[in-house]
Amino acid sequence: MNYAKRTHHLVSEGAYQVLAKAQELEAQGRNIIHLEIGQPDFETFPNISQAGINAIQNGYTRYTPPAGMKSLREVISREAGKQRGMEFAPDQVVVSPGAKPNLFFPTMALVEKGDEVIYPNPGFPTYEAMIRIAGGIPVPVPLLENNQFSFDLKAFDKLLSDRTKLIILNSPSNPTGGIIPKDDLEHIAQAAVDNNYWVLSDEIYTRILYDQNKAVSIASLPGMAERTIIMDGFSKTYAMTGWRLGFGIMPPGLAEKVGLLLTHSVGSTAQFTQFAGIEALTGPQDQVDQVVAEYKIRRDLIVAGLNQMPGVSCQKPQGAFYVFPNVISLRGNSQEIADWILEEAGVALLPGTAFGKFGEGYLRLSYANSLPNIQLALDQIGELLNQ
Ligand code: PLP
């Protein structure tokens, strides 16, 4: 078949592939513990669900303006600004069905054929896919364990060129849980200001931080507000993955272009979902804090458990709900080790290479699962490795 070239490189996300393998084993009667999917295991908070239900019952089931309802854009500009110590205007906010369109469409609006885009590797697989679809050239910057998985700034400096158009950052990071310290952000911001680069800052895990860590938004640094797209959303913070609700905050001119791309693709985000979003941001926030406190207990359990296993070492991640243990001294590559653990220990997890070539030698485990399940997974993997 003559499919367009832009589809040739597309592959699924590793998490979906492993989930399919795990489900095959479950169909054969095996019990599998799922640590592969990056999705909160608790329900959407009841006040948020109720707001969505009320909206449907009140007939809010219509189209909205493509960039989102004015009331939601106002609430987002206020709350997202407060959180970052910045001020945003509602016309800088673009609401989207999930956060992903606010990665995809700003990239489509900025990147020309042949432009280079710097992005983290290991990193969220959508970055490379969307760079290629836009006709750009993906330029991966390694995230190194000995640098607590921040950007390798030496490599970053070397990879900049006169074709660089856009720099993608993700802090806290999927898959490593690392955050980019303020000093490193200042270095990146200086390069962006000096050379007129855009920055796309994926801040979807910015509320999931531990041990008094702070994730600074690069948008708040001098000269950066006019060249940064902040991407954030409701999926992880409010356990709303299936509602599909996210947003971008960017200069108004770019917001207009992204709004047009939404107009001619998805049309708009579901109206009742947007009402649920208003409740999420304006309702009680202590529920988020409680969930983060629970994730922290799980993080400490899984990090301690992994570090007791022969051939495994694991840093304590500073945010998000993933660990990225080093398994370089185990036999086989990451893919083989992940397959072996799934088949022999019944634990579904991802090879680091599901996030790019610099993920070789690592695994990613999501601890968005219950403490008993995490403990069982640790027991089963530990038993396998100790054999
Ligand atoms: N960015 C990162 C780093 C993610 O991990 C995810 C989801 O896994 C997204 C963006 C997409 O979020 P959403 O489900 O709201 O589209």
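Rings of Phe, Tyr and Trp, the last taken by its six-membered ring, are said to pair if their centres lie within 6.5 Å. In this predicted model, F42, F45, Y205, F234, Y238, F247, Y295, F321 and Y322 form one aromatic cluster.

**Aromatic pairs**

The structure holds 16 aromatic pairs. One of them is formed by F149 and Y362, whose rings meet edge-to-face, with 6.0 Å from centre to centre and 80° between the planes. F149 lies in the loop between β4 (137–142) and α6 (153–159), while Y362 lies in the loop between β11 (350–351) and β12 (363–366), so the pair ties together parts that are 213 residues apart in sequence. F149 is buried, and Y362 is buried as well.

Another aromatic pair, that of F234 and F247, is also edge-to-face, with 5.9 Å from centre to centre and 75° between the planes. F234 sits in the loop between β7 (228–233) and β8 (246–249), and F247 sits in strand β8 itself, 13 residues apart, and the pair is one that links distant parts of the chain. Buried or exposed, how does F234 count? With a relative accessibility of 1%, F234 counts as buried, because buried means under 20% relative accessible area. F247, at 4% relative accessibility, counts as buried too. Both F234 and F247 belong to the aromatic cluster named at the start.

**Cavities**

Rolling a probe the size of a water molecule over the atoms shows where empty space is left. In this model the count comes to 3 cavities of 30 Å³ or more, and the two largest are set side by side in the table.

| Cavity | Volume | Nonpolar lining residues | Polar lining residues | Charged lining residues |
|---|---|---|---|---|
| Largest cavity | about 80 Å³ | 8 residues | 7 residues | no residues |
| Second largest cavity | about 50 Å³ | 12 residues | no residues | no residues |

Which residues lie closest to the centre of the largest cavity? Of the 15 residues that line this cavity, the closest to its centre are P120, L143, N170, S173 and I180. The lining of the largest cavity holds both nonpolar and polar residues, but no charged ones.

The second largest cavity is lined by L306, M309, V312, P325, V327, L330, I341, L349, L363, L365, I381 and L385. Two elements, β12 and α12 (371–386), are those that give two or more residues to the lining of this second largest cavity. By class, its lining has 12 nonpolar residues, with no polar and no charged residues.

How values were computed:
Residues numbered from 1 in each chain as written. Predicted model: local features only at pLDDT ≥ 70, side-chain atom pairs only at ≥ 80, totals over all residues. Heavy atoms only, no water. Phe/Tyr/Trp six-rings, centres within 6.5 Å; stacked < 30°, edge-to-face > 60°. Helix = DSSP H or I, 4+ residues; strand = E, 2+ residues; numbered from the N terminus. Buried < 20%, exposed > 50% of the residue type's maximum accessible area, 1.4 Å probe, protein only. 1 Å grid on protein atoms, 1.4 Å probe; cavity = no way out; pocket = protein on both sides within 12 Å on 5 of 7 lines; lining within 4 Å. Points joined across faces, edges and corners; volume = space filled by probe spheres on them. Nonpolar A, V, L, I, M, F, W, Y, C, P; charged D, E, K, R; others polar.
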